[in-house]
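Here's a friendly walk through a structure you may not have met yet. Have a look at it first, then follow the questions.

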Amino acid sequence: MKIYYLIIAFILANTIVPAQQKTKTENVILITLDGMRWQEVFNGADSSFMRQQQHLKDGNLKAKYWRNDLTERRKALFPFFWNTIATQGQLYGNRAIGSKVDITNNQLFSYPGYNEILTGHADNERIHSNDKMYNPNKNVLEYFNSLPAFKNKVAAFTSWDVFPFIINDKRSGVYVSTGWEPIKDKKLNDREQMLNQLTQSLPNPLGDVRLDAFTFYYGMEYMKKNKPRVMFFAFDETDDFAHGGEYAAYLNSAHYTDRFISELWDFIQSDPTYKNKTTIIITCDHGRGADAEGWKHHGQKLPEATQIWFAFLGPDTPSIGEVKSGQYYQNQIAKTMAALLGVSFDGEGKIGDAIDGVVKR
Ligand SMILES: [Zn+2]
């Protein structure tokens, strides 16, 4: 009888406990730039759009981002991507050389895109608006938070205030910081107090969207204090400025975000909790149109808005730089995050496979 129970216990333990850790990655940081086009990621600034500046003008745009040489031009806009990730990590989605990444949902806007990234599958039946509706689908952040090794070590810092609903913080228990509410904590440090003072005393040009610098620096303080094992930074300005036809502000936001990621990587590689055991994943929720009007928009009327990109940097990811072939999908991110951490995420229904080339075997 006792042996019988032991066998049952053994079987249960082996079905419930995820696969053994076989990777060097112990922490994963997911970063998204809302509606950031692959065209600028791989080609740099487009000079033919540069005159499209409405309220947020920048007279130095050409000097800052235009170079005749393509490799220099993209480096000027995204220096961390092209100096560090291109030499130590992987970049997918340069369609000009045959690397394709697409979304699989047929909505081509934000909530369906983040749902696909975080749950591993499109849900066109239920996720077809940006309304503040609690997501019925189980997401990968929630899955991590349910594992003892990750419990309360999963957090999201997001600019757009729909994220608590997308991540379903009520059900998932994942800590989600969003919008313009000041951060609450028993012990706020000087930097957090300063950020709280600023959020309460600056105009808010983007309505429900918190400016990305607040999202980033609040998130950095959180990381230093709490050492989360899974962190999600969701930046938003690029999409807002693109909709406004503000090409200068769109480029500047992309450039600032590249710098945030560089600062984050410096922190990771200087902190013993994270150094050489953290992978960062960078992507976007949807693409945009291609021409002088289309770049501002996305949605079902612009089929090229399915075109996205992703980047990986970490100890398990071979340094192959720009990937030159293949077709990949947004629904592969969730399982790839889990594979990097040596666990298996099955999600609900059929979900995208982990990207083989990202996790060294
Ligand atoms: Zn948008």
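Q: Is Gly59 buried or exposed in this model?
A: Keep in mind that this is a predicted model. Gly59 has 8 C-beta neighbours inside 10 Å, and a residue with 12 or fewer is put in the exposed class. So Gly59 counts as exposed.

Q: Where along the chain does Gly59 sit?
A: Look between two helices, α2 and α3, the latter covering 61-65. The place of Gly59 is in the loop that links them, the α2 to α3 loop.

Q: What separates the C-alpha atoms of Gly59 and Phe163 in space?
A: Along the chain, these two residues are 104 residues apart. In space, the separation of their C-alpha atoms is 34 Å.

Q: What is the strand order in the open sheet of eight strands?
A: The pairing in this sheet is mixed. In general, strands of a sheet pair through backbone hydrogen bonds, and they can do so parallel or antiparallel. Read across the sheet, the order is β5-β4-β6-β1-β7-β8-β2-β9.

Q: Which strands are the edge strands of that sheet?
A: An edge strand here pairs on one side only. That holds for the strand at 175-177 and the one at 321-322. They are β5 and β9.

Q: How many residues of strand β1 are buried?
A: Strand β1 spans residues 27-33 and is mostly covered. On one side, Asn27, Ile29, Ile31 and Leu33 are buried, and on the other side so are Val28, Leu30 and Thr32. The count is seven of its seven residues.

Q: Which residue of β7 stands opposite Val28?
A: β1 pairs with β7 (residues 278-283) in the parallel sense, over six bridges. Within β7, the residue opposite Val28 is Thr279.

Q: Which residue of β6 stands opposite Leu30?
A: β1 also pairs with β6, in the parallel sense and over six bridges. Within β6, the residue opposite Leu30 is Phe232.

Q: How many bridges join β4 to β6?
A: Strand β4 covers residues 154-158 and β6 covers residues 230-235, and the two run parallel. One facing pair is Val154 with Val230 in β6. The number of bridges joining the two strands is five.

Q: Why do the buried residues of α5 line one face of the helix?
A: The buried residues in α5 are Phe80, Phe81, Trp82, Ile85 and Ala86. Seen down the axis of α5, they line one face because they fall within an arc of 165°.

Q: Which elements do those buried residues of α5 pack against?
A: The partners include both helices and strands. Among the strands are β2 (90-92), β8 (310-313) and β9. The helices are α2 (38-43), α4 (70-77) and α13.

Q: How are α5 and α13 oriented to each other?
A: Helix α5 (residues 79-88) packs with helix α13 (residues 247-268) at an angle of about 40°, the axes being 8 Å apart. By class, their contact has five nonpolar, two polar and one charged residues. Pro79, Phe80, Phe81 and Thr84 in α5 meet Asp258, Ile261, Ser262 and Trp265 in α13. The angle makes the two helices oblique.

Q: And how are α11 and α13 oriented to each other?
A: Helix α11 (residues 212-226) packs with α13 at about 5°, with axes 11 Å apart. In this contact, Asp212, Phe216 and Met220 in α11 meet Ser253, Tyr256, Thr257, Phe260 and Phe267 in α13. An angle under 35 degrees counts as roughly parallel, so α11 and α13 are roughly parallel.

Q: Is Leu108 buried or exposed?
A: Leu108 is in the loop between β3 (100-102) and α6 (110-119). Its phi is near 65°, a positive value in a residue other than glycine. With 22 other C-beta atoms within 10 Å, Leu108 is buried.

Q: Is Asn152 buried or exposed?
A: Asn152 has a positive phi of about 60° although it is not a glycine. Its place is in the loop between α7 (140-146) and β4. With 12 other C-beta atoms within 10 Å, Asn152 is exposed.

Q: How far apart in space are Tyr111 and Asp131, C-alpha to C-alpha?
A: Tyr111 is in helix α6 and counts as buried, with 23 C-beta neighbours inside 10 Å. Tyr111 touches residues including Ile127, Ser129 and Val162. Asp131 is 20 residues from Tyr111 in sequence, and the C-alpha distance is 8.3 Å.

Key:
Residues are numbered from 1 along each chain as its sequence is written. This is a predicted model: local features need pLDDT of at least 70, side-chain atom pairs count only at pLDDT 80 or more; totals for chains, interfaces and linings use all residues. Two strands pair if DSSP finds at least two bridges between them. Helices (H or I, at least four residues) and strands (E, at least two) are DSSP runs, numbered from the N terminus. Axes are lines fitted to C-alpha atoms, for helices over the stretch in contact, and angles run from 0 to 180 degrees between N-to-C directions. Angles under 35 degrees count as roughly parallel, over 145 as roughly antiparallel, 65 to 115 as roughly perpendicular and the rest as oblique. Two residues are in contact if their C-beta atoms, placed from the backbone, lie within 7 Å. Ala, Val, Leu, Ile, Met, Phe, Trp, Tyr, Cys and Pro count as nonpolar, Asp, Glu, Lys and Arg as charged, and the others, Gly among them, as polar. A residue is buried if 20 or more other C-beta atoms lie within 10 Å of its own, exposed if 12 or fewer, and partly exposed in between; C-beta atoms are placed from the backbone. The arc is that of the directions from the helix axis to the C-beta atoms. Lists of a residue's contacts leave out its neighbours within four places in sequence.
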